[in-house]
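Subject: Structure handover

Hi,

Here is the structure for you to look at. Please open it alongside this note.

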Amino acid sequence: MKTGESHLESLRDGRQIYLLGEEVDDVTRHPAFRNAVASGARLYDFQSDPHNLEKMTFLSPQTGDFVSRSWELPASYAALVKRREALEAWAETHYGFMGRSPDHVASCISGMYMGAEVFESFDPKRAEALRDYYRYARDNDLFLTYVIINPQAERSKSPHEQTDDRLTAHLCDQDSQGITVKGAKMLGTSAIMANEIFVTCIQPLAAGDEAYALSFAIPINSKGLKLLSRKSYELSAGSRFDNPLADQFDENDAILYFDEVKVPWERVFIAGNTEMCQKQFYQTPAHIYQNYQAQIRLNVKLRFLVGIGRMIASTNGIDKMPQVREMLGQLAAEASMVDGLVHAMEIKGSAFGGYFIPDGNTLYTAQVLTQQLYPKVIQTLRELAGGSMIMLPSGIQDLITPEIADYALRVQRSAVFTPEDRVKFFKMAWDAVGSEFASRHTQYEMFYAGASFVTKAHSYRTYDWDRSTDMVNRLLASYTLEEEKQKWLSTNNTKNFTYSI
């Protein structure tokens, strides 16, 4: 099976990544990326550990080898639950802070494979390319990520109406060998540590946007593909003691620029069909399956954040106060609600062809609510902590110098922690709640699934409105105005009743 070391070795492939005006020669060793990359690699060590093999893997129907359960296509409720337990175990290794771990886009491609007939109706060759790619990615346990959003420019205009044709990735040429792509896509979360990138457009496309209607997958080291990294929070973390989450789990985001990148036909799933770009997500299980994984991860993350809340209260000796217990009870209820929704997606799941998939409306309900919930949870943690997450030494250096450490630790008192451990805990809490790394995570959880009107639209289109309105209509049909007039007149014995002004 793939191991952490073999994954690290696969990333030393000449990929072009740029940070702070310079090209990064090796992401596995660069101080801006190496720890996050190592965290990604540890996922493969975790699943290949003999103690975890049964939970984390299944046998490839092609090769008979163990492969990651993230590629599994459940045929029953029990199989779906077993897969979720594996994804949950993976998420617990990074406390839910790696939003684009390998199981996310694996879920997306697996969902498309389940609905490959949709591609078949578009172009049988493209459907076969998709099926082949799923099998290749599964059996090689590729770390995939994706870029499915166009750069934000004049958002009132569609891609073909933008003034610069170099802005958005589009088909600029094609021949018997494949297509050539030029332009940019966002937001390549975890692209620095991935093996390959899935490129498409989830946003609605209009007539005239055919050149932008693409769906394909290529290696990150493809000639002409450039990754422009955002600021690295890992690089500015200082030390693991100061920022333990940013130091290990800053998965990175990047703009990807395709400088006339050639894509062979066997890697192309859609070329030039705007309608298919939407169908690949919404007429196959892909969108449901990938976001089901996201809710599994978020469920783990909320459990972790609620744990921080409980420990803030006990550290500051306020956990017996009724008003604090009320706040903690609210946090517990919110985390339990998400946990219940994840289980409900499975229980209410249904058959799709020969597969068993989570319930779409319950998933979209969870997305709508968690977009609102995440910043609320963060705000509650801020209120519980007050100044505790700010009243901290400036860095680990303050604790190395004895004279400064003596003064710094005098004010760090707790009934449950030593002064050193109190500092350690609140530095971790700040990194989860208030640091620049934490701020990025709040933004991510609020928008990774799209703006709130997008998720609410998914909830609207998948809700069983007929069942609700049928109940209303059944009640309305159970009586008429004429019948009720007669009843009233009869009951009140007003045969000659008149009304005058």
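Below is what turned up on the strands.

First, a caution: this is a predicted model.

**The six-stranded sheet**

One sheet is open and has six strands. Reading across, the order is β2-β1-β10-β11-β7-β6. The pairing is mixed. Which strands stand at the edges? They are β2 (22-24) and β6 (170-174). Each has a single partner strand, so one side of each lacks a neighbour in the sheet. On average, neighbouring strands here are turned by 25 degrees against each other, with direction ignored.

Now the β6 edge. β6 pairs with β7 (residues 178-185). The sense is antiparallel, over four bridges. To find the register, look at D173, which stands opposite T180 in β7.

**Around β9**

Next, go to strand β9, residues 214-219. Five of its six residues are buried, meaning under 20% relative accessible area. The strand is therefore largely enclosed by the rest of the structure.

What does β9 pair with? One partner is β8 (residues 196-199), antiparallel over four bridges. In that pairing, F198 stands opposite A217 in β9. β9 is also joined to β12 (residues 268-271). That link has three bridges, and the two strands run antiparallel. Here S215 of β9 faces its opposite number, I270 in β12.

If you want places to start, pull up D173 with T180, then F198 with A217, then S215 with I270.

Best wishes

Conventions:
Residues numbered from 1 in each chain as written. Predicted model: local features only at pLDDT ≥ 70, side-chain atom pairs only at ≥ 80, totals over all residues. Heavy atoms only, no water. Pairing = 2+ DSSP bridges. Axes fitted to C-alpha atoms, helices over the stretch in contact; angles between N-to-C directions. Buried < 20%, exposed > 50% of the residue type's maximum accessible area, 1.4 Å probe, protein only.
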